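Reader: I've just opened this one and I'd like a quick tour before I set anything up. Can you walk me through it?

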Amino acid sequence: MEHVYLDYSASTPVDKRVIESMLPYFRSKYGNASSIHKFGRDAKGAIERARSYISMLLKAAPEEVFFTSGGTESDNWAIIGYALKNSEKGKHIVTSVIEHPAVIKACKYLETVGFEVSYVDVEPDGKLDLEKIRNAVRPDTILFSFMHINNEIGNIYPLEDIGNIARENDIVFHTDAVQGFGKVALDVNRMNIDLLSLSSHKIYGPKGVGALYIRSGIELGRHIHGGSNEKNMRAGTENTPGIVGLGTAAKLCRSEIKKEAETLTGLRNYFWERMQEDIPGVKLNGLLENRLPGNLNTSIMDVDMESVLLSLDLHGIAVSSGSACAAGGVEPSPVIKALKLPPEYGDSAIRWTLGRFTSKEEIDYTLKILKEVVDRINGL
Ligand SMILES: Cc1ncc(COP(=O)(O)O)c(C=O)c1O
């Protein structure tokens, strides 16, 4: 097999149907969405259709969806934008230690300008203890930021329960739903979510585009100054082809979400069962139940997963150690560190993420190569 891509949580191939839908907005419908002539109106119409496809997946109103350049920008805008605009209400934020760097570093920035942030720890299986969240609340807490699904271990977090704690305490609730949007059902009203970040390139859409859901009535600072785009909140000519691509990707996810989740859960469980049979000392990081359908994250006793990853790469198999944003560094990922693995696993882990185009043949090939690689490392 020439190559096997098992890194869908880092990024996904763009679905052909998404590319098709984008092409007219490069070729003939290239107007600026702010222009009043037909070219402008065509672009504007396409942007509004994309907004409504996204809102349907969130069970939100289209006017509550704002386009951005991706998950990172959405996280920054939500957290910094809300905190700076509402600092007179309080200067305390609660988040967790396993958030994506886009959340952690936005919080770290706020600490440099006078905010205080509590980082709630996780249990060894990556679960969040709701009591710890409740105990972190203070009279001056204005914002919660807890992710929907962890990008490394794939745990799905109980947003409805966290949202209830936020509501009971009059705290605004942001969730980074970059890994779950389009894959696991979301409902901003049932879950009491006020702000939600999502990204296109995790759902078979193009890179460099995403969105932030802002519940009507929640006030955020304007974070890009200039023209009056996105209701005067985020200036800059809209990336029409990218937004159209995100909209199509969201529409496809909406029609396929259930079936795709079932297929991926089946394939992922098969992968894990076979891995346990073939690889002695293999350990699953995170929960098996309540996990992103295509995600596995494993460590192997006394085996450095970084060298496994490099050997797999030589065989054309693409996986990730930690998150893509943390890859390349020798430091263990903060998420894996937070699980406090027994020392024989050495804080090293591989994330295998399956997606829409993964086949059983690719999984069988990966299992065969993995066994060969681990046997060689173990001197067998
Ligand atoms: C949980 C999570 N949040 C945010 C991001 C950043 O999204 P983007 O790549 O669109 O900036 C990622 C990307 O890996 C992610 O997994």
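Author: Sure. This is a predicted model, and the chain is divided into domain 1 (4–12 + 257–377) and domain 2 (16–252).

Reader: How far apart do the C-alpha centres of domain 1 and domain 2 lie?

Author: Start with the contact between them: domain 1 puts in 26 residues and domain 2 puts in 28 residues. Going from centre to centre, using C-alpha atoms, the separation of domain 1 and domain 2 is 27 Å.

Reader: On the side of domain 1 that touches domain 2, which element gives the most?

Author: The elements that give two or more residues to that side are α9, β10 and α11 (334–338). By class, that side of domain 1 has 11 nonpolar, 11 polar and four charged residues. With four residues, the element that gives the most is α11.

Reader: And the whole chain, how does its radius of gyration sit against the globule rule?

Author: In secondary structure the chain comes to 12 helices and 12 strands. The globule rule gives 21 Å for 380 residues and the chain is close to that, so it is as compact as a globular protein of that length; its radius of gyration is 21 Å.

Reader: Handy for planning a box: what do the C-alpha atoms fill along the principal axes?

Author: Take the C-alpha atoms of the chain and align the box with the principal axes. What they fill is then roughly 70 × 55 × 35 Å.

Reader: Now the sheets. Which are the edge strands of the seven-strand one?

Author: That sheet is open, with mixed pairing, and its order is β2-β8-β7-β6-β5-β3-β4. From one strand to the next, the twist averages 20°. An edge strand pairs on one side only, and here those strands are β2 (65–68) and β4 (116–120).

Reader: What is the bridge partner of Val94 in β4?

Author: Strand β3 (residues 92–96) runs parallel to β4, and five bridges join the two. In β4, Val94 has as its bridge partner Ser118.

Reader: At about what angle does α4 run to β7?

Author: Two helices are worth a look here. Helix α3 (residues 38–58) lies across β2, β7 (195–199) and β8 (210–214), at about 120° to β2. Helix α4 lies across β2, β3, β5 (141–145), β6 (172–176), β7 and β8, and its angle to β7 is about 160°.

Reader: What's the twist in the three-strand sheet?

Author: The order is β9-β10-β12, in an open sheet with antiparallel pairing. Its edge strands are β9 (282–284) and β12 (350–353). The twist from one strand to the next averages 35°.

Reader: Which residue in β12 is the bridge partner of Thr298?

Author: Strand β10 (residues 295–300) and β12 are antiparallel and joined by four bridges. Across these strands lies helix α9 (residues 240–278), at about 15° to β10. For Thr298, the bridge partner in β12 is Ile350.

Reader: On to the ligand. Which helix gives the largest share of the shell around the ligand?

Author: Both domains take part, with at least three residues each from domain 1 and domain 2. The largest share is three residues, and it comes from helix α4 (residues 71–85).

Reader: Which residues around the ligand come nearest?

Author: By class, the shell has five nonpolar, 10 polar and two charged residues. Of the 17 residues around the ligand, the nearest are Gly70, Gly71, Thr72, Asn151 and Ser199.

Note on methods. Residues are numbered from 1 along each chain as its sequence is written. This is a predicted model: local features need pLDDT of at least 70, side-chain atom pairs count only at pLDDT 80 or more; totals for chains, interfaces and linings use all residues. A residue is near a molecule or strand if its C-beta atom, placed from the backbone, lies within 6 Å of it. Ala, Val, Leu, Ile, Met, Phe, Trp, Tyr, Cys and Pro count as nonpolar, Asp, Glu, Lys and Arg as charged, and the others, Gly among them, as polar. Domain bounds come from an automatic or database domain assignment. Two strands pair if DSSP finds at least two bridges between them. Axes are lines fitted to C-alpha atoms, for helices over the stretch in contact, and angles run from 0 to 180 degrees between N-to-C directions. Two residues are in contact if their C-beta atoms, placed from the backbone, lie within 7 Å. The radius of gyration is taken over C-alpha atoms; the globule rule is 2.2 Å times the number of residues to the power 0.38.
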